Amino acid sequence: MKSAAVAVGISVLLLAGCSDTSDPVVVNSFPNRAAVQADLDDLVRSTVGGAVATLSVPGETVELRSGVGDRITAEQIPDGAQVRIGSVTKTFVASIVMQLVDEGKIELDAPIDRYLPGALVAEGVDPGAITVRQLLQHTSGLPEYSDDPRITQTYLGSGEQFTRQDLLAMAMAHPAQFRAGERMKYTNTNYLVNGMLVEKVTGNTVEDELASRITGPLGLTDTYLPGTGEKQIRGRHPSGYEADGDTIVEMTATEPSGPWAAGAMVSSGADLTAFLRALVEGRLTSETSWEAMTSTVPMDQPGMSYGLGLMSAKLSCGKVFWGHSGDIPGFHTLSGATEDGRAAAITVTQAPPQEVDTLALLSHALC
């Protein structure tokens, strides 16, 4: 999870995926497999430590790798590796919110003050004018919390833990970025508030709602939202790194209470693509909610648009992908699916140092 549109910028570079194996096998499933492998190899040559891609169609999945999972030992990236998925977390949270909309427990165009009265108090912030839809689509104008130095210090090892109210106070210490509904600006605070909304409406933690509504029913055993203080990844995983000048710093362990509902989840390529296929196929929300999620506004990235917890772009083959990018120190991910059943997810263990042709990479993975 990085602040604002930066979170999108780095990891919109990446993509590839996977899925369940209960459907009939597709002939010539991955015509661009060699191109995806070449993309991974190019990323690793650019000093990225390791890259892993999972490509999936109904009934068949392939996992591709390049580089190493550990720069010190040269250990390979393990099969089915768990990784931090950063802001891909937002798609899971948005799906939970839309299920609650389907159940009549949340109204999409109701003001957030109806559900969290008195929670949003800052200069220029009108909680009576900010709707749930605007929070999901980053058009609320709320100030950004994740730029706070205390959050940055947790990634550098301070060990500080945060409550929901701590994070909200960081945001509310600043004025609104703009009036609600005026424009779109990617802001992590929106999903902090969405997480708080889920907990207020259900009486349960986001972690519990995620397990009962999504990961449990879909059998996503590698996917979870770690609790406060749970810094280590539970399953087999590569190490994550970031460049600090000429020095490469290992940053695998992360205190999750800072990114929380905006970007703290852990998953695998297989789980991500299974989740996105279920979402695109209508197995998680009603048709009405899916139509709302896929009603988009332009982003500040060429060719990209944003729905409710979903990014979208038209690929070179004419298909439209639905998914999300995710950046958190050490791991940079993007996952997506198309309506014809193809899905993809890719993670690199260090941010690429140069620009990448995003839509070409997405097209290789999903066309």
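Contact means heavy atoms within 4.5 Å. Helices (H or I, at least four residues) and strands (E, at least two) are DSSP runs, numbered from the N terminus. The model is predicted: local features need pLDDT of at least 70, side-chain atom pairs count only at pLDDT 80 or more, and totals for chains, interfaces and linings use all residues. Residues are numbered from 1 along each chain as its sequence is written, and side-chain values use heavy atoms, with hydrogens and water left out.

**Exercise 1. Find the buried residues of helix H6 and state which helices they pack against.**

Step 1. Fix the cut-offs. Buried means under 20% relative accessible area, exposed over 50%, partly exposed in between (1.4 Å probe, protein chains only).
Step 2. Go through H6, residues 164-172. Leu167, Leu168, Met170, Ala171 and Met172 are buried.
Step 3. Look for partners. These buried residues pack against helix H5 (149-155) and helix H7 (189-202).

**Exercise 2. Assess the confidence of the chain and find where pLDDT stays under 50.**

Step 1. Recall the scale. pLDDT is the predictor's confidence in each residue, from 0 to 100.
Step 2. Take the chain values. Mean pLDDT is 92, and 93% of the residues reach 70 or more.
Step 3. Locate the weak stretch. Residues 2-26 stay under 50. The model has 119 contacts beyond four places in sequence for this stretch.
Step 4. Apply the caution. Where pLDDT is low, the predicted coordinates should not be read in detail.

**Exercise 3. Describe the setting of Thr91.**

Step 1. Place the residue. Thr91 lies in helix H3, residues 89-102.
Step 2. Classify its exposure. Thr91 counts as buried because its relative accessibility is 1%.
Step 3. List contacts, leaving aside neighbours within four places in sequence. Thr91 is in contact with Phe275, Leu276, Leu279, Gly309, Leu310, Gly323 and His324.
Step 4. Check the polar atoms. A polar atom of the Thr91 side chain lies 2.7 Å from the backbone oxygen of Gly309.

**Exercise 4. Work out how H3 and H8 cross.**

Step 1. Set up the geometry. Axes are lines fitted to C-alpha atoms, for helices over the stretch in contact, and angles run from 0 to 180 degrees between N-to-C directions.
Step 2. Read the values. The axes of H3 and helix H8 (residues 206-218) come within 10 Å and cross at roughly 80°.
Step 3. Name the arrangement. H3 is therefore roughly perpendicular to H8. Angles under 35 degrees count as roughly parallel, over 145 as roughly antiparallel, 65 to 115 as roughly perpendicular and the rest as oblique.
Step 4. Identify the residues. H3 contributes Phe92, Ser95, Ile96, Gln99 and Leu100; H8 contributes Glu209, Leu210, Arg213 and Ile214.
Step 5. Sort them by class. The contact has five nonpolar, two polar and two charged residues. Ala, Val, Leu, Ile, Met, Phe, Trp, Tyr, Cys and Pro count as nonpolar, Asp, Glu, Lys and Arg as charged, and the others, Gly among them, as polar.

**Exercise 5. Place Thr47 and Ala74, and give the phi of each.**

Step 1. Start with Thr47. Its phi is positive, about 90°, although Thr47 is not a glycine. Thr47 is in the loop between helix H2 (33-45) and strand S1 (50-57). Thr47 counts as partly exposed because its relative accessibility is 44%.
Step 2. Turn to Ala74. Its phi is positive, about 65°, although Ala74 is not a glycine. Ala74 is in the loop between strand S2 (60-67) and strand S3 (83-84).

How values were computed. Polar contact = N/O pair within 3.5 Å; in protein donor to acceptor, adjacent residues only side chain to side chain.
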